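Biologist: Please take a close look at a single loop position in this model, and then relate its surroundings to the rest of the chain.

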Amino acid sequence: MDEQNTKKAIAYIFSGTGNTLTAGKMLQRSLPEYGISLDIYRITVDLEDLPDPNDYDIAFFAYPIHAFNSPQFFLHFVKHVPALHADKSGMPAYIFKTSGEPFRPNNASSYSLCRILRKKGFLPASDMHMLMPYNIMFRYPDAMAKQMYIHTRHMAEVLAEKAGEDLIEKPSFNPVTVIWAYLLRLQWFGAWVNGPLIKAKADQCTGCGKCVRSCPTHNISMVQKNVHGEVKILPKFGGKCTMCMCCTMDCPTGAVNPGFLTPWKVNGEWDFEKLMADDSIPDNWTDNENAKYFKLFRKYYRNN
Ligand SMILES: Cc1cc2nc3c(=O)[nH]c(=O)nc-3n(C[C@H](O)[C@H](O)[C@H](O)COP(=O)(O)O)c2cc1C
């Protein structure tokens with residue numbers, strides 16, 4: 001593809017535990033086939049290097065579903081994205097989101113996002129729902145995680161093709177699901193309350209500071225604490241938590257307990273490369289007779 005035929009795209013991605021970013025990287029690999037190069041901007045509270053969408057031809061907005069909604073932190077961020085100038089107005093904004101489950105209550109999660117994007121001059125052009133293993137509640141079987149990864153890669157290829165062909169699929173929302181999602185915004189309040197309740201277990205925490213560096217809202221600082229007569233440097237959690245689970249999931253020693261979500265704690269990053277390389281792990285778990293709960297996902301995989 002010569003430079004004249006290359007379109008420039010920007011993806012604004014919020015990702016707590018990496019699933020949505022993984023999907024974004026899949027998209028980044030698929031887009032060049034359609035003459036589109038993609039810059040990825042991972043959203044944090046720092047806005048200094050925020051790319052201006054007016055420098056691009058296409059935009060992508062991506063987030064993990066939290067309690068059937070877009071995370072509040074993500075919506076606040078989108079409000080900071082510069083509005084489009086008159087000559088760029090109507091630029092397609094392709095939305096993709098990841099979540100652990102395919103069920104209908106998740107379908108209205110982009111409602112507020114679309115409203116904000118329209119006000120800024122974007123044309124919401126998709127609301128693609130990709131599945132990735134949960135980062136909360138319980139750990140998915142490896143075979144399920146593998147199936148999700150492979151299918152999300154396929155979805156990323158489909159999304160790249162849509163963008164390449166300027167296909168606009170205006171998102172539409174069922175009013176009942178929108179109301180349901182609004183009610184579940186209680187989770188936003190829960191995130192603030194829960195933030196200061198997050199604790200790192202003193203006997204397990206090594207003070208490595210990984211949680212501090214990776215927290216997208218800069219909610220964690222290292223402080224000196226006296227533990228049984230010994231001074232230790234331990235993380236302290238504040239009130240800006242967005243409940244993305246990054247600190248809990250990625251802690252190398254599993255020391256972080258996420259407040260009232262501790263019974264639902266999942267620790268340990270997914271190593272998708274390892275799952276993909278292991279041929280003994282099947283990749284069609286939802287068809288398996290032992291799939292139990294995951295049999296409910298069959299409809300999603302049949303229809304997408
Ligand atoms: C606080 C919280 C709420 C969540 N709520 C939902 C939900 O309502 N529906 C769902 O299917 N998945 C839900 N999930 C799972 C995430 O959407 C899923 O793990 C997602 O892929 C995480 O993406 P990330 O790694 O980019 O942060 C929730 C996760 C968290 C941490």
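**The surroundings of Thr 242**

Modeller: Apart from its neighbours within four places in sequence, Thr 242 is in contact (heavy atoms within 4.5 Å) with Phe 14, His 66, Pro 71, Phe 73, Gln 187, Ala 191 and Thr 217. The model is predicted, so local features need pLDDT of at least 70 and side-chain atom pairs count only at pLDDT 80 or more, while totals for chains, interfaces and linings use all residues. Residues are numbered from 1 along each chain as its sequence is written, and side-chain values use heavy atoms, leaving out hydrogens and water.

Thr 242 belongs to the loop that joins strand 8 (230-237) to helix 8 (246-250); helices (H or I, at least four residues) and strands (E, at least two) are DSSP runs numbered from the N terminus. With a relative accessible area of 10%, Thr 242 is buried, that is, under 20%, where exposed is over 50% and partly exposed lies in between (1.4 Å probe, protein chains only). Its C-alpha atom is separated by 9.2 Å from that of Phe 74, although these positions lie 168 residues apart along the chain.

Phe 74 leads to helix 2 (residues 72-80), whose buried residues are Gln 72, Phe 73, Phe 74, Leu 75, Phe 77 and Val 78. Phe 73, in this list, is also one of the contacts of Thr 242. The cover over the buried residues of helix 2 includes strand 1 (7-13), strand 2 (36-42), strand 3 (58-64), helix 3 (111-119) and helix 6 (186-194). In helix 3 lies Ser 112, which is buried at a relative accessible area of 11%. Beyond four places in sequence, Ser 112 touches Leu 75, Tyr 182 and Arg 185.

The domain assignment, which is automatic or taken from a database, gives domain 1 (3-183) and domain 2 (194-264). Their C-alpha centres lie 28 Å apart, and 15 residues from domain 1 and eleven residues from domain 2 take part in the contact between them.

The adjoining cysteine, Cys 241, is buried as well, with a relative accessible area of 12%. The sulfur of Cys 241 forms no bond because the closest cysteine sulfur, in Cys 247, is 6.4 Å away, which is too far. Cys 205 is buried at 11% relative accessibility, and its sulfur is likewise too far for a bond, being 6.5 Å from the closest cysteine sulfur, in Cys 211. The whole structure has zero disulfides, a disulfide being a pair of cysteine sulfur atoms within 2.5 Å.

The ligand is surrounded by 24 residues, of which the closest are Ser 15, Gly 16, Thr 17, Thr 20 and Ile 65; a residue counts when one of its heavy atoms lies within 4 Å. Oxygen atoms of the ligand lie 2.6 Å from a polar side-chain atom of Ser 15, 2.5 Å from a polar side-chain atom of Thr 17 and 2.7 Å from a polar backbone atom of Ile 65. The protein covers 96% of the 650 Å² of accessible area that the ligand has on its own, by the Shrake-Rupley method with a 1.4 Å probe.

A second loop threonine, Thr 286, lies between helix 9 (272-277) and helix 10 (298-303). Thr 286 is buried, with a relative accessible area of 1%. Beyond four places in sequence, its contacts are Met 144, Gln 147, Ala 291, Phe 294, Lys 295, Phe 297, Arg 298 and Tyr 301.

Technical notes
Polar contact = N/O pair within 3.5 Å; in protein donor to acceptor, adjacent residues only side chain to side chain.
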